[in-house]
Amino acid sequence: MINQHLDTIILLSGVLFTIGVLGVLTRKNAITIFMSVELMLNSVNLALIAFSRLHNDVTGQMLVIFVMAIAAAEVAVGLAIVISIFRNRQTANVNEINLLRW
């Protein structure tokens with residue numbers, strides 16, 4: 001069954017990853033950039049699950065759990081940083097956040 005739909009799943013994964021890349025490259029709001037990164041991670045998870053099912057191997061599923069754990073940690077730390085910056089500067093625009101620039 002997965003063999004019949006593998007190309008569709010990979011196409012969907014590629015489209016989601018492309019939307020995520022475009023979101024990261026074109027958006028200025030830090031929250032939107034985080035959501036785009038999450039979209040890219042989930043598209044990779046979708047491809048990993050599809051290939052894992054195709055090969056009847058659980059390695060892809062274990063990688064998905066690892067990616068989900070990393071994504072949760074990234075969101076927790078990233079949102080804390082964005083909230084802290086928003087409280088101090090009243091903006092989430094990445095062009096106006098220049099704390100590390102000379």
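## A three-helix model and its nonpolar patch

I31, M35, L79 and I83 together make a nonpolar surface patch of about 340 Å². Helices α2 and α3 each supply at least two residues of this patch. Please keep in mind as you read on that this is a predicted model. The protein has three helices and zero strands, and below you will find its overall dimensions, the patch, one buried residue in α2, and the residues at the ends of α3.

**Overall fold and dimensions**

- Along the sequence the pattern reads α-α-α, with a secondary structure of three helices and zero strands.
- The radius of gyration of the protein is 17 Å, whereas a compact globule of 102 residues would come out near 13 Å.
- Taken along the principal axes, the C-alpha atoms fill a box of roughly 55 × 25 × 20 Å.
- Buried residues make up 24% of the 102 residues.
- If you look at contacts between residues at least 6 apart in sequence, 53% of them join residues at least 24 apart.
- About 7300 Å² of the protein is exposed, and carbon and sulfur atoms supply 69% of that area.

**The patch, seen from I31**

- I31 is one of the residues that make the nonpolar patch, alongside M35, L79 and I83.
- Its place is in helix α2, which is one of the two helices that each supply at least two patch residues.
- I31 has a relative accessible area of 33%, so it counts as partly exposed.

**A buried asparagine in α2**

- Is N45 buried or exposed? N45 is buried, because its relative accessible area of 6% is under the 20% cut-off.
- This asparagine lies in helix α2, which spans residues 30-55.
- Leaving aside residues up to four places away in sequence, N45 touches V64, V67 and M68.
- Helix α3 runs over residues 59-89, a range that takes in these three partners of N45.

**Two positive phi angles**

- Which residue in the loop between α2 and α3 has a positive phi although it is not a glycine? That residue is N56, with a phi of about 50°, and its place is the loop between α2 and α3.
- N56 is exposed, since its relative accessible area of 71% is over the 50% cut-off.
- Q90 also has a positive phi without being a glycine, with a value near 60°.
- The place of Q90 is the segment after α3.
- With a relative accessible area of 57%, Q90 counts as exposed.

**T91, after the last turn of sequence in α3**

- T91 is found in the segment after α3 (59-89), and Q90 is found in that segment too.
- Where Q90 is exposed at 57%, T91 counts as buried because its relative accessibility is 12%.
- The side chain of T91 reaches the backbone nitrogen of N93 at 3.1 Å.
- Which residues does T91 touch, not counting those up to four places away in sequence? They are I85, F86, E96 and I97.

Definitions and conventions: Residues are numbered from 1 along each chain as its sequence is written. This is a predicted model: local features need pLDDT of at least 70, side-chain atom pairs count only at pLDDT 80 or more; totals for chains, interfaces and linings use all residues. Side-chain values use heavy atoms; hydrogens and water are left out. Helices (H or I, at least four residues) and strands (E, at least two) are DSSP runs, numbered from the N terminus. Buried means under 20% relative accessible area, exposed over 50%, partly exposed in between (1.4 Å probe, protein chains only). A polar contact is a pair of N or O atoms within 3.5 Å; within protein, one must be able to donate a hydrogen and the other to accept it, and residues adjacent in sequence count only if both atoms are side-chain atoms. Contact means heavy atoms within 4.5 Å. Patches are made of residues with over 30% relative accessible area and no salt bridge: like charges are joined within 9 Å, nonpolar side chains (Val, Leu, Ile, Met, Phe, Trp, Tyr) within 5 Å. Accessible areas come from the Shrake-Rupley method with a 1.4 Å probe; for residues, only the protein chains shown count as cover. A salt bridge is a side-chain nitrogen of Lys or Arg within 4 Å of a carboxyl oxygen of Asp or Glu. The radius of gyration is taken over C-alpha atoms; the globule rule is 2.2 Å times the number of residues to the power 0.38.
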